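Here is a short set of exercises to work through with the model open beside you. Try each task before you read its solution.

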Amino acid sequence: MAAVLAVLALAAAGLGTLIVRQNTYALREETVTVRHGGRALDGVLALPERGRGPFPLVVFVHGDGPVDATHETFYRPLWESFARAGYASLSWSKPGVGGSPGNWLDQSMDDRAGEVADAIAWARQRPEVDAGRIGLWGASQAGWVLPKVAAADPRIRFVIAVSPAIDWRRQGRYNLLAELRRDGASDAEAAAALRRRDTVLDLLARGAPYEEYVQAVGDAPDMSAERWRFVSRNHTADASVDLPALRGLPVLLVLAGHDLNVDVTETEAVYRQVLPGPALHVAHYPDATHALVRRSVEASTVRLTLTAVCAPRSLFADGFLADQRTFLASLGDAAPPS
């Protein structure tokens, strides 16, 4: 019995060592504060392991949801990859998340763009950051924010857009039908869901309050009063309006083969139409989900959890981290990769 316990203890110690090693990243992190609208938002400035800079900077723009500065450590493999290309990264917790005051559900896409602009202004004052070499990384909902930031700031040097949508309403319809197909819904169930969606769109167009929404379609676990107000502010968002601001900028468009949230065919077609020429780079990951996680990993909660804890870099689709690092290195803005 004692021998068995000793073996188990050694195995546990070995696993613990593995987990620590896999969650140790080749970069330096500094806790920072980014101010916007009179609020102090908790942030992280991630720097390459060595050097004083100034480093070119990647500013992270979150997708939907209550995202903290590290996205529950999901961003750290990206920061490490960028650091190895000689880039720093900046991210912060959304209002109302972590130690950041406020409520992210009170924001419009214009509000979010203003928040990013304030973060960039803050970063340009930092001695570690090269004020003239700052670009944007954004996922999903950030697709409506990135072009707005670039339109207001001609000094933005590049954009990495991961799974961005084009039109909020069309995206919603695509997402609804994709999830119904995944769940094996019947034609009748799909038709009923689309009728309910039409009712919701009519309510949004009329500026109906949440109480009228509940009366018309009933309670929904994913639609609180705060969420309804958020959707009401943003349901007309259309990235194509601001997308011309990215013309001439190096843009890496990242698309997943199993994206249930975004119609990647529409996204690619609009990006190619609005941003013709060699500055647009499109990267496809056939085995990836909306979050660019490998489909086989995301399909199992147990496997997803174990991978996130024991091998977080392996969460992502093959080539995803390396391709972004290569894109940044190709810009010629940083020191040679380590």
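**Exercise 1. What percentage of the 338 residues in the protein chain do buried residues make up?**

Before starting, note that this is a predicted model, where local features need pLDDT of at least 70, side-chain atom pairs count only at pLDDT 80 or more, and totals for chains, interfaces and linings use all residues. Residues are numbered from 1 along each chain as its sequence is written, and side-chain values use heavy atoms, with hydrogens and water left out.

Step 1. Fix the cut-offs: buried means under 20% relative accessible area, exposed over 50%, and partly exposed in between (1.4 Å probe, protein chains only).

Step 2. Apply them: buried residues make up 48% of the 338 in the protein chain.

**Exercise 2. Why does the radius of gyration of the protein chain agree with a compact globule?**

Step 1. Take the rule, which is 2.2 Å times the number of residues to the power 0.38, with the radius computed over C-alpha atoms.

Step 2. For 338 residues a compact globule would have a radius of gyration near 20 Å, and the protein chain has 21 Å, which agrees.

Step 3. Add the extents: the C-alpha trace spans about 65 × 60 × 40 Å along its principal axes.

Step 4. Look at contacts (heavy atoms within 4.5 Å). Of those with a separation of 6 or more in the protein chain, 72% come from residues 24 or more positions apart.

**Exercise 3. Find which parts of the chain the salt bridge between aspartate 64 and arginine 227 ties together.**

Step 1. Recall the rule: a side-chain nitrogen of Lys or Arg within 4 Å of a carboxyl oxygen of Asp or Glu. By this rule there are 17 salt bridges.

Step 2. Check the pair: the closest N and O atoms of aspartate 64 and arginine 227 are 2.6 Å apart.

Step 3. Place the partners. Aspartate 64 sits in the loop between strand E3 (55-61) and helix H2 (76-84), and arginine 227 in helix H8 (residues 225-234), so the bridge ties together parts 163 residues apart in sequence. Helices (H or I, at least four residues) and strands (E, at least two) are DSSP runs, numbered from the N terminus.

Step 4. Compare exposure: aspartate 64 is partly exposed at 34% relative accessible area, while arginine 227 is buried at 18%.

**Exercise 4. Is glutamate 80 buried or exposed? Describe its salt bridge too.**

Step 1. Glutamate 80 has 4% relative accessibility, so this residue counts as buried.

Step 2. Its side chain meets that of arginine 313 in a salt bridge (2.7 Å, N to O). Glutamate 80 lies in helix H2 and arginine 313 in the loop between helix H11 (301-310) and helix H12 (320-330), so parts 233 residues apart in sequence are tied together.

Step 3. Arginine 313, at 25% relative accessibility, counts as partly exposed.

**Exercise 5. Which residues are in contact with alanine 119, leaving aside its neighbours within four places in sequence?**

Step 1. Locate alanine 119 in helix H3, where its 0% relative accessibility makes it count as buried.

Step 2. With those neighbours left aside, alanine 119 is in contact with Val34, Leu90 and Trp92.

Step 3. For a distance check, alanine 119 and glycine 319 are 200 residues apart in sequence and 29 Å apart in space, C-alpha to C-alpha.
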